[in-house]
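This report covers one protein chain, from its overall form down to a few backbone details. The sequence and coordinates come first.

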Amino acid sequence: MFLKQAINLGGRELTIETGRIAKQADGAVLVSQGETVVLVTAVSEREPKLGLDFFPLTVDYREYGYAAGRIPGGYFKREGRPTEKEILTSRLTDRPIRPLFPEGYRFETQIISMVISADDVNDPDVLSITGASAALYLSDIPFDNPIAGVRVGLVEGKYLVNPTYEQLRNSQLNLIVAGSEEAIVMVEAGAKEVSEEVMLEALMFAHGEIKKLCQLQRSMSEELGVRKREYTPIQINEDLFKELEEKFSAELREALDVSNKSKLESYQKIDELRKTAIETYPEEEPEKRAEAGELFDRLKERIFRDDILNNRRRPDGRKFSEIRPISIEAGWLPRTHGSGLFTRGETQALVTVTLGTSQDIQYVDSLETGEYKRRFMLNYNFPPFSVGETGRMGSPGRREIGHGALAQRALEAVFPGEDAWPYTVRIVSDITESNGSSSMATVCGGSLALMDAGVPIKAPVAGVAMGLVMEDKKFAVLTDIAGAEDHYGDMDFKVAGTRDGITALQMDIKVTGLNTQILADALEQARKGRLYILDKMEEVIAEPRPEISRYAPRILTLQIPVDKIRDVIGPGGKVIRGLQEKTGAKIDISDDGKISIATPSGEAAELALQMIRDLTAEAEVGKTYLGTVSRIVDFGAFVEIFPGLDGLLHVSEIADYRVRDVRDELKEGQQILVKCIGVEGNKIRLSRKAVLKEEKRARGGNN
């Protein structure tokens, strides 16, 4: 059945339609805003995958060049591996959807979002979130509660829903929120040091718009008469659970306590107990053994939550607002341009900064503009040894891309503009230990490394991960959560920023009923934690170093008139090649006449700068120059005052007396002082007589 409905969202129409295309999928919708159209499909297998302890959901978001009327670059002229934008949007779509499936659902499910039309006004990424929910909710897949996603901007104090690309460029806030009618379930944000109050207002504004999109999906479901396929949720064997609880609760509670042991020691004790619990039951009953293993994990979660909510105690004995011990080093790697080692508890990030030139700029494909330049990059790596495991070292996975993007947003807000800092900058964060938020350790380490490299950032940035455990009316907000608190808690809430405000935020929520007051408490607790970490960082390095590393390239910039570019390049590039060979500098010239000169040596850069100034200099009336006589003629001489730039010294301007023969006064190759007395187009008039008169007056004055 074909059905199409629309609502007004931020003054523009957003439509959802189904029944026209991809009818063999379990669910398929077209979501449109303006001339941007996203096709989202959902398919879930009819038979469960046995032996899994997780929900096998995959989400793939793809942007096709044809959607914007472009042919992909590269040799093959077709889309290849997912871009960073596609990976991040796949994660944005997955994160709010995954927790809303029935517990124990083990049927392989796939959501595919395809951008099939893209204008230069509307970003398709948030349409994918709403489309994924609609494709699932309007199908027979057991997804019973619709969600939606919106973007919020803040321009001139006004909140905008799904702002255009142009509006977003001028916005203080780039906030993506997903939620149901009852609650917010996911947040992703970059910001220019906005306050906690502004962020909270923006979240509430977003939720109001989300409710409209959820109601639209409910209306469509009712009109279509959607009926869900039969699915029997997994029932807990209460008798077996009680049996395990009686036998292992005390030992398991002691194993979970990490106040006097490391994470790895705790994990080892828990694994030993789990093995004992499974082996309590005979090998002839493999199903019961498997069930015992699952219930043991459930018991572990119950003990953890009971300790937090009822005993008001964290596994490591910390107060709810307490941050683990912090250790900081800056500038300890001898040959990097900047480095920082940030350790918080059992989480450690080794972060380095490399300064490059404009030749190191990254070019990124975009549906909006086709291609844009990126001069600030952050790469996050999570090697398996950081958690005491073995594993394959390959290209970065979705998690690494996502964590790196979050840290990059946090630091990009304080990164200087190209006019103030001509360098291209690459940050690399290698996680060397992990038990807690390594992305927030990356933010702290990245800020330290930038300052160590002498990058004039606006202010230091720190980040902290918050958690929440909530049941009925009881709740606990936790600062600086460790791995178990993230896994068994109900919220993972990462906040990064300066002393003046938030620069990045990421939140995933597993429960409904999260009210404004809890969010406000979490933001305020995060602010205090952030300030505490900034204090610790500033004890080691409080501001950017005044000088960059002696191993970093020196970059000088010069602005020349556009019509002088050809003089610097020369015929076939001859002049600029000669400059680079003589000085050893890398010289880049942009179309607007901006020249960047990069060398390992400051002296070489200054030499190249002076040579370019000489090539592009123009004579100014009234200024005196040391020139070289290049050619003598009957009516005077031509004097080269800059390389390749001659002026005429007329015979009447050679001396303060009558000159009969120019060759009696001057010789070719002779250096003389001359004053510019006139410029008419390309003709320059010079005078030696004026200089001689000034010298006589000066001598007379001295006498």
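## Burial and overall form

Of the 703 residues in the protein chain, 51% are buried. The model is predicted. Its secondary structure consists of 15 helices and 29 strands.

The radius of gyration of the protein chain is 34 Å, whereas a compact globule of 703 residues would have one near 27 Å. The C-alpha trace spans about 125 × 65 × 45 Å along its principal axes. Counting contacts in the protein chain between residues at least 6 apart in sequence, 68% join residues at least 24 apart.

## Surface and charge

About 33800 Å² of the protein chain is exposed, and carbon and sulfur atoms supply 48% of that area. The protein chain carries 92 positive and 111 negative charges, and the mean positions of the two sets are 5 Å apart.

## Strand β13 and its partners

Strand β13 covers residues 347-356, and nine of its 10 residues are buried. β13 pairs with strand β12 (residues 338-344) in the antiparallel sense over seven bridges. One of the residue pairs places Leu341 opposite Leu350 of β13 as its bridge partner. The hairpin of β12 and β13 has two residues between the strands, and Gly345 there has a positive phi near 65 degrees.

β13 also pairs with strand β17 (residues 424-433), again in the antiparallel sense, over nine bridges. Here Gly356 has Thr424 of β17 as its bridge partner. As a general rule, side chains in a regular strand alternate between the two faces of the sheet.

## Positive phi outside glycine

Most residues other than glycine have a negative phi. Glu193 has a positive phi, near 55 degrees, and is not a glycine. Asp472 also has a positive phi near 55 degrees in a residue other than glycine.

Where do Glu193 and Asp472 lie? Glu193 belongs to strand β10, which runs over residues 184-194. Asp472 sits in the loop between β18 (462-471) and β19 (474-479).

Is each side of this pair buried or exposed? The relative accessible area of Glu193 is 14%, so Glu193 counts as buried, the cut-off being under 20%. For Asp472 the relative accessible area is 76%, so Asp472 counts as exposed, the cut-off being over 50%.

Technical notes
Residues are numbered from 1 along each chain as its sequence is written. This is a predicted model: local features need pLDDT of at least 70, side-chain atom pairs count only at pLDDT 80 or more; totals for chains, interfaces and linings use all residues. Side-chain values use heavy atoms; hydrogens and water are left out. Helices (H or I, at least four residues) and strands (E, at least two) are DSSP runs, numbered from the N terminus. Buried means under 20% relative accessible area, exposed over 50%, partly exposed in between (1.4 Å probe, protein chains only). The radius of gyration is taken over C-alpha atoms; the globule rule is 2.2 Å times the number of residues to the power 0.38. Contact means heavy atoms within 4.5 Å. Accessible areas come from the Shrake-Rupley method with a 1.4 Å probe; for residues, only the protein chains shown count as cover. Lys and Arg count as positive and Asp and Glu as negative; His and the chain ends are not counted. The place of a charge is taken as NZ of Lys, CZ of Arg, CG of Asp or CD of Glu. Two strands pair if DSSP finds at least two bridges between them.
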